[in-house]
Amino acid sequence: MPTMAAKRDYYEVLGVKKDSSTDEIKKAYKKLALANHPDRNPGDQAAIDRFKEAAEAFEVLSESDKRARYDRFGHEGVKGAGHAGGGFQDVGDIFEMFGDLFEGFGFGGSRRRGGGPRPTQGDHLKASLTIDLRDAAKGCSREIEIKRRELCETCNGSGAKPGSTAAKCDYCNGHGQVVQSQGFFRVQTTCPACRGEGKIVRDKCADCSGSGRKVEKVRLEARIPPGVDTGMSLCLRGEGEPGLNGGPRGDLYVEINVKEHNLFERDGQDLICHVPITYSQAALGADIEVPTLLDGKKNQHIDAGTHSGEVFRIRGGGMPDPRGGRAGDLLVEVYIEVPRKMSDEQRELLLKLAELEQANVSQHRESFFDKVKDWFTGENS
Ligand SMILES: [Zn+2]
Ligand SMILES: [Zn+2]
């Protein structure tokens, strides 16, 4: 059983002055923690010890209360306070306390390693897939290719050169666990030297450089349910990376991106289609043909006196609900198209219409012109 060495001065551990600011202390700790991070120094016991020592020093010096007690009474003053009493037993505790400091460095800040060679689920993976709107509405199946780590076949995932075996870890005597005394208690934690594996690879497998894993390309089929939208993720259970110590594989999350369509705009599960109508259709009413995404063309009646921007709803003509609920609607938004070119006959008819409009002003326009007149004469500002 390893014994604890006498504690070093916390300021010395972090390499800061007695009157350093909290910011300076934080900076110094971060630098040390990153350099000695277990993910960067796998199996390096000295680094793990420095990592723990720095965390303990930081825990005390970053809190003014504890720091003041430490300044007055030394290590005795902070004995039993939080983790600092017995020192950090498990690097997992450090991630839990100070994990946010490691964010953005690509380390598993909150990942906990503990409890011996216990089964751990493999990492989750992400992939993305772009489909068009029609396929999103119908649902579809796509083949995707991803890269993921698989167990190395040469060493069967052990990391040891074929013919050699991994040596028993001296630190924990192959148990993967160490027991340390903490006051009256005896606490069992993951062996920091072998990270709970119970063994240490000395003769590394050449195919995987001792990691036991190899990156491989895998083709998978993704079945996309009808109605998906951009930003939704599909979970392919068990298609992530292999687990450790017999743990389950991670999952693969496929993020869906739905391409924009030139006729249909999406609003949640509804689809919007902008349909041009003529002035006479708007004024007289008409039956027009509108496109749908999946059912070809549909007839839609336009009432006499329809305005530009009016919306007709075709129930169920939108996107299906991927969760099995009611489908969205197709919203037909009409707009009156004003011709840029016209025949002589059209022109004559419009001139005639214009004459009639001068003679017979609609109520709506009349009230508008009244308001304009009032505005200019200042009667109603
Ligand atoms: Zn290998
Ligand atoms: Zn060990």
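Trainee: Why is Asn 156 called exposed?

Mentor: Its relative accessible area is 64%, and the label "exposed" is for anything over 50%, with buried meaning under 20% and partly exposed in between (1.4 Å probe, protein chains only). So 64% puts Asn 156 in the exposed class. Asn 156 sits in the loop between E2 and E3.

Trainee: Before we go on, what am I looking at?

Mentor: A predicted model, where local features need pLDDT of at least 70 and side-chain atom pairs count only at pLDDT 80 or more, while totals for chains, interfaces and linings use all residues. Residues are numbered from 1 along each chain as its sequence is written, chains are lettered from A and ligands numbered from 1 in the order in which they are written, and side-chain values use heavy atoms, with hydrogens and water left out.

Trainee: How many helices and strands are there, and what makes a stretch count as one?

Mentor: The protein chain has nine helices and 15 strands. They are DSSP runs numbered from the N terminus: H or I with at least four residues for a helix, E with at least two for a strand.

Trainee: What makes Cys 152 a donor of the zinc ion (ligand 1)?

Mentor: Distance. Donors are N, O and S atoms within 2.8 Å of the metal (3.2 Å for Na, K and Ca), and water is not among the atoms, so sites may look incomplete. The SG of Cys 152 lies 2.3 Å from the ion, as do those of Cys 155, Cys 205 and Cys 208, so they qualify as donors.

Trainee: Why is the arrangement around that ion called tetrahedral?

Mentor: The four donor atoms subtend angles of 103 to 115°. Four donors count as tetrahedral if all angles lie between 85 and 135 degrees, so the name fits.

Trainee: Where in the chain do those donors come from?

Mentor: Their spacing is C-x2-C-x49-C-x2-C. Cys 155 is in the loop between strand E2 (140-151) and E3, and Cys 205 in the loop between E6 and strand E7 (213-224), so the pair ties together parts 50 residues apart in sequence. Cys 155, at 8% relative accessibility, counts as buried, and Cys 205 is buried too, at 1%.

Trainee: What about the zinc ion (ligand 2): which residues hold it?

Mentor: Cys 169, Cys 172, Cys 191 and Cys 194 coordinate it through their SG atoms, at 2.2 to 2.3 Å. The donor angles run from 103 to 113°, which makes this arrangement tetrahedral. Along the sequence the pattern reads C-x2-C-x18-C-x2-C. Cys 169 lies in the loop between strand E3 (167-168) and strand E4 (177-182) and Cys 194 in the loop between strand E5 (185-190) and strand E6 (199-200), so the two link distant parts of the chain, 25 residues apart.

Trainee: How do you know that Cys 169 and Cys 194 are buried?

Mentor: Cys 169 has 1% relative accessibility and Cys 194 has 5%. Both values fall under the limit for buried, so the label holds.

Trainee: With those cysteines around, how many disulfides are there?

Mentor: The count comes to zero. The rule asks for a pair of cysteine sulfur atoms within 2.5 Å.

Trainee: Why is Asn 173 called partly exposed?

Mentor: Its relative accessible area is 45%, so it falls in the band between buried and exposed. Asn 173 is in the loop between E3 and E4, and its phi is near 60°, a positive value in a residue other than glycine. Asn 156 likewise has a positive phi, about 60°, without being a glycine.

Trainee: What does Ile 131 touch, and is it buried or exposed?

Mentor: Ile 131, in strand E1 (residues 125-131), is buried, with a relative accessible area of 1%. Contact means heavy atoms within 4.5 Å; leaving aside neighbours within four places in sequence, Ile 131 is in contact with residues including Ala 136, Ile 224 and Val 228. Ile 131 and Val 228 are 97 residues apart along the chain, with 9.9 Å between their C-alpha atoms.

Trainee: What makes the span of H9 close to the expected one?

Mentor: The expected span is 1.5 Å times one less than the number of residues. Helix H9 (residues 363-377) has 15 residues and reaches 21 Å from its first C-alpha to its last, close to the 21 Å expected. Gly 378, with a positive phi near 75°, follows H9.

Key. Tetrahedral: all angles 85-135°; square planar, octahedral: opposite > 155°, others 65-115°.
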